[in-house]
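Student: Could you take me through one part of this model closely? I would like to look at the nonpolar packing and how it sits in the chain as a whole.

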Amino acid sequence: MSPITLILIAIGLGLAGWLAGRAKAWSFQQGPESVRLASRPNYHAWYVAVWIIIPVLAFVAIWSIIAPQLIVQSVLASSAAANLPEFGFERESIISEARAVATGSAQGVFNTEAEALIEPFREAISRYNLIGILVTVMIAFGGGTFAFLRVKPDFRARTKVERTVMMVLLLASLVAILTTFGIFASLVFETVRFFDMVSPIDFLFGTYWGPDPMSNAANPDGTRYGAIPLFWGTIFIGAIIAMIVAIPLGLMSAIYLTQYANPRLRAWVKPALEILAGVPTVVYGYFAALTVAPFIRDMAVAVGISGASTESALAAGVVMGVMIIPFVSSMADDSIAAVPSAMRDGSLAMGATQSETIRRVLFPAALPGIVAGVMLAVSRAIGETMIVVMAASTAANLSANPLDRMTTVTVQIVKMLTGEGSFDHPATLSAFALGFVLFMVTLALNFIALRVVKRFREAYD
């Protein structure tokens, strides 16, 4: 049974509890012996409904995890599973085919051994579906009865309901934090495994990157897991070339739209500029590979630069910079527009020109938002993959020439985790080490942005 069915049952029972709690609360105010309630009837109703819905949802979350395992164990314990292979892909394939037919998601099986498991699967599914429904009803009835009996004139249901809502909001706010800790823990665990095989010094300071999951040969000078070319490519493409394009264009567009453009033009230009943020990155990749990269190659050849290729860091960086212009422009636009008009009017009243007012009053006051937008754009750029793959290649080169082929950390992470590489091989585990370094760099950028924002906000409060 789908968890949605149990959730709908919980909602239906919660509605019934809500009506029952409200009716009981209203009954205290009816008749000649009416009394004053400590909370409004609606709070009593929500108190009963919460005691029904929340325990049932907790059970549904747990049941959706353990029920499939219980069904499989029940089928494997039957006599029909006696001839199954003890382990391996064939065993899992037979079980999956029988489950698919039993649930109705498939019409037939390819393995004849799976036919004998179809009926045991159907019986187990029916049995555990019935158990799930019965336990759901029992939990709802128990929680609803407990809450219903507590509904009395002097019962402060409002306090209980508001505390429950606060706990739900707290749990919702902790989801992002717990997710971050989970990501960090998984990266650390796999990174430690990788550093047990490869020296951290060789990884962080080596200048040769050439892992091959199918080979154990290293380059003649030492390790083949030197990540300096990847770090340099990520910084050169995403934090240098892209920022050289995005920051000036983004800031100038924001200044023009907030200070010089008339309202009618702004109403058209600003949404058109923000459309760039919604374009899929693969489209930017096609644009970089088919238009920008050939143009840069032709221009290089025209000025006498030999060896220019259609894959270059400059092509990827320029298109990446165009992609993140909306991040810089939108944040800067909102920050400049949020500066109190009294500061702008006072500067103009003192005799400053409009350009001086922008440079010496508006821009410093809006600097926290501008820095936040730039840091967001940098984080977005160093995490980009498709544009680099299609316009800058996957070659790990350590070069300061923007016309050379380069790659980034994210591209190599995708490359290492795709295919059939073993998770016990250092080439596959190197992806987690790269991800850990990228995670720490992004965290450092966010920390720097917060410090800058805090410092300048204190200055202009």
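Tutor: Happy to! Let's begin from the outside: the chain has an accessible surface of about 25,600 Å², and carbon and sulfur atoms hold 66% of that (Shrake-Rupley method, 1.4 Å probe). Keep in mind that this is a predicted model, where local features need pLDDT of at least 70, side-chain atom pairs count only at pLDDT 80 or more, and totals for chains, interfaces and linings use all residues. Residues are numbered from 1 along each chain as its sequence is written, and side-chain values use heavy atoms, without hydrogens and water.

Now to the inside. Of the 461 residues, 38% are buried, meaning under 20% relative accessible area with a 1.4 Å probe and protein chains only. The largest nonpolar core has 71 residues; such a core is a set of buried Ala, Val, Leu, Ile, Met, Phe, Trp, Tyr and Cys residues joined through side-chain atoms within 4.5 Å. Phe203, Ile237, Ile324 and Leu434 touch the most other members. Helix H7, spanning residues 228–260, gives the most to this core, with 11 residues (helices are DSSP runs of H or I, at least four residues).

Zoom in on Phe203: leaving out residues up to four places away in sequence, its contacts include Phe194, Trp209, Tyr225, Ile228, Phe231, Leu434 and Val437, where contact means heavy atoms within 4.5 Å. A second, separate core holds 35 residues, among them Leu37, Val48, Leu84 and Ile95.

Key. Buried < 20%, exposed > 50% of the residue type's maximum accessible area, 1.4 Å probe, protein only. Helix = DSSP H or I, 4+ residues; strand = E, 2+ residues; numbered from the N terminus.
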